[in-house]
Each structure stands twice: as structure tokens, then as C-alpha cells.
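Let's take a walk through this structure together, a stop at a time. Have the sequence and the 3D view at hand as you read.

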Amino acid sequence: MMFIRFAICVMFFLVYLALSARLVLCDTLPDIQSDSTSSLLSILKKFKGARNHESRPEGKQEARDYIIETFKKYGLHVWTERAKIGGNLFAENIVGMISSNRTGTADDQIVIVGAHYDTTNSTTGIDDNGSGVTALLQVAKNIGEQ
């Protein structure tokens, strides 16, 4: 139980940091409300369990699909980038972008928020960046729903 409280605190801190960076993206910053704790916990629980290419590749695929689906739901333009990282092992990054009338111009300002969605072989998943992915999805929701 103590770990879950810690994970929630870390998640809220990451959301705070990411949303404070939002000032760069917007001329005006509307009031932003975080989802309720129970809502954030329900997202966090989706990342429970290993998401590893060796021990549980289906968990990694489920997480990938959920992140892509969620990014699209929030209006982000989504694509993946795959890179060979050794032998037959590939990393697949999920990129979500919010376009504006400044995209691709000299006035374009880029903010990158990231989290890894894979895990080690023997993790509970929540503490192997499930909280980071949950925070990332909360940021995507807040800046994507403008």
C-alpha cells in the first residue's frame, strides 16, 4: 500500500512538471484539472504485470495498443518508430504529437514528455514505469483536449 501511495505522488509530480511546461505551448493556460485519484488508479492498474519481450510479450503489446488508442482518443497524431537495438531485439517508440498553426514553422515550440512502457522480466509493472505512463497519458489528455 505504501508503494501505491508513493507511485501516486510521483505520478502527480510528473503531471505537475509536464503541465507547467505547457506554458510554452499555449498563449493562455486554461484551468487544468487532474482526474480523480480513483480514475488515475484505474489507468495505473492497466500497467500491472510484466511487459517484457521475453517473459510476457503480450503484456507489452497490450500496453502499446492501449497507449496508442488513448493518444488517438485525446486527438494526438500517433505513429510508431521501430529501431533495432541488438540481435533480433527491436525497440518500438510510440510518438503522439499535437499539431497547431505553428507546427513546422520558426515559431514552433517543442516539448517532449516521455515514459517507457516495457518492463524487466520480473516486475509488478506498476513500479516499472506504470506510474510514468499513467502520468504521460494524463498530460496527453490535458494538452490534447484543448
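To talk about empty space, we need a definition: on a 1 Å grid over the protein atoms alone, a cavity is a set of points where a 1.4 Å probe fits but cannot get out, while a pocket is an open set with protein on both sides within 12 Å along at least five of seven lines. Lining residues are those with an atom within 4 Å of a point. For volumes, grid points are joined across faces, edges and corners, and the volume is the space filled by probe spheres set on the points. Keep in mind that this is a predicted model, where local features need pLDDT of at least 70 and side-chain atom pairs count only at pLDDT 80 or more, while totals for chains, interfaces and linings use all residues. Residues are numbered from 1 along each chain as its sequence is written, and side-chain values use heavy atoms, with hydrogens and water left out.

Start with the second largest pocket, which has a volume of about 240 Å³. Its lining includes His53, Lys60, Arg64, Phe90, Glu92 and Tyr117. Two elements, α3 (57-73) and β2 (89-97), each supply at least two residues of that lining; helices (H or I, at least four residues) and strands (E, at least two) are DSSP runs, numbered from the N terminus. Sorted by character, the lining of this pocket has five nonpolar, three polar and four charged residues. Here Ala, Val, Leu, Ile, Met, Phe, Trp, Tyr, Cys and Pro count as nonpolar, Asp, Glu, Lys and Arg as charged, and the others, Gly among them, as polar.

Two of those lining residues, Arg64 and Glu92, also pair up: they form a salt bridge, with the closest N and O atoms 3.1 Å apart. Glu92 sits in strand β2 and Arg64 in helix α3, so this pair ties together parts that are 28 residues apart in sequence. A salt bridge here is a side-chain nitrogen of Lys or Arg within 4 Å of a carboxyl oxygen of Asp or Glu. Arg64 is buried, at 17% relative accessible area, whereas Glu92 is partly exposed at 21% (buried is under 20%, exposed over 50%, partly exposed in between, with a 1.4 Å probe and protein chains only).

How many salt bridges are there in the whole structure? A search finds four. Arg56, Glu58 and Glu62 are linked in a network of them: Arg56 reaches Glu58 with the closest N and O atoms 3.6 Å apart, and Glu62 with the closest such atoms 3.7 Å apart. Arg56 is partly exposed, with a relative accessible area of 26%, and so are Glu58 at 42% and Glu62 at 47%.

Next, look at His116, in the loop between β2 and α4 (126-144). Leaving aside neighbours within four places in sequence, His116 is in contact (heavy atoms within 4.5 Å) with Asp128, Asn129 and Val133. A polar atom of the His116 side chain also lies 2.9 Å from the backbone oxygen of Asp118.

Our last stop is Gly144, in helix α4. Not counting residues up to four places away in sequence, Gly144 touches Tyr74, Leu76, Ile98 and Val139.

Definitions and conventions: A polar contact is a pair of N or O atoms within 3.5 Å; within protein, one must be able to donate a hydrogen and the other to accept it, and residues adjacent in sequence count only if both atoms are side-chain atoms.
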